[in-house]
Amino acid sequence: MTDVIYDIEWLKNAPDMELYYMYRDVHMSRQDHSIILDNGLRYDITVIPPARLGSEFIKTAGHYHPYKGDTGYTFPEVYEVLKGKAHYLLQKCEGGRMADVVMIEAVEGDKVIIPPNYGHVTINPSNKELKMANWVSRNFESIYEPYKKCGGAAYYELTDGRLIKNARCDQVPEIRYLKPTNYSKVGFAKGKEMYGLVRDPGKLEYLNYPEKYDWLWEEVLSDKNRAEPPML
Ligand SMILES: O=P(O)(O)OC[C@H]1O[C@](O)(CO)[C@@H](O)[C@@H]1O
């Protein structure tokens, strides 16, 4: 984490803290687990306690996912906020420059799809615990190097509410604020945890076959989903 933190002064004397907790490959029964394995999926839970990294809100390290073979699509992911509030900060690098930066604010029950070719960081911008779940393909490992090399994501979210551009990133565009992707078309239902999709894994097919879902990626990234910038 030391490579991706904004407040370098704070870091000099920062305590050795546990920042967040990831529970991997969670399932409620053996039968569920065998469906999850058969479909090449993984369900994880992440808990990010409220904390500050000096003048910055606590966040995950940030990573990209690898390309799926030669499809030109990296593996996507989907999150659900189980408790608290999250800011998902997505970024896409193209031809060596930052082509798009998106922030999605999500609260309990919201689902947020991370489309292919976007890296992501999750920020807990509150003084309460954030608990979230994700479905993702189990067929890859995350790539951390680009975030480490740049000293973090394209923006840092400070505890006074400001979003500061990362000076080490080239030509950073303004943030586009989008709404959560609570789409019934991919099986999400208000008030229902997406863990339940273990009974309908076809609805999660886009996680392993992103090349078949252009309509979904268009929708997820569309300016029609514009939201107001979040208020602290
Ligand atoms: O790998 P990082 O950047 O620490 O981010 C952790 C997040 O990524 C995931 O490992 C999956 O992309 C989640 O389970 C977790 O919330």
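Leaving aside neighbours within four places in sequence, which residues is Leu53 in contact with? In this predicted model, local features need pLDDT of at least 70 and side-chain atom pairs count only at pLDDT 80 or more, while totals for chains, interfaces and linings use all residues. Numbering runs from 1 along each chain as its sequence is written.

The partners of Leu53 turn out to be Ile5, Asp7, Trp10 and Ile58, a contact being a pair of residues whose C-beta atoms, placed from the backbone, lie within 7 Å. Leu53 sits in strand β3 (residues 52-53); strands are DSSP runs of E, at least two residues long, and helices are runs of H or I, at least four, with numbering from the N terminus. With 21 other C-beta atoms within 10 Å, Leu53 is buried (20 or more such atoms make a residue buried, 12 or fewer exposed, and anything in between partly exposed, with C-beta atoms placed from the backbone). Gly119 lies 66 residues away from Leu53 in sequence and 21 Å away in space, C-alpha to C-alpha.

Stepping back to the whole protein, there are four helices and 13 strands. The radius of gyration is 17 Å, close to the 17 Å that the globule rule gives for 232 residues, so the protein is as compact as a globular protein of that length; the radius is taken over C-alpha atoms, and the rule is 2.2 Å times the number of residues to the power 0.38. The C-alpha trace spans about 50 × 35 × 30 Å along its principal axes. Of the 232 residues, 35% are buried. Take the contacts between residues at least 6 apart in sequence, and 76% of them join residues at least 24 apart.

One open sheet has four strands in the order β9-β6-β7-β13, with mixed pairing (two strands pair if DSSP finds at least two bridges between them). At its edges stand β9 (119-123) and β13 (176-178), each with a single partner strand, so one side of each has no neighbour in the sheet. Strand β7 (residues 97-107) pairs with β13 in the parallel sense over three bridges, and Val102 stands opposite Arg176 in β13.

As for the ligand, the residues around it include Met22, Asp44, His63, Glu77 and Asn134, where near means a C-beta atom, placed from the backbone, within 6 Å. Strands β2 (41-48) and β10 (130-137) each supply at least two residues of this shell.

Note on methods: Contact = placed C-beta atoms within 7 Å.
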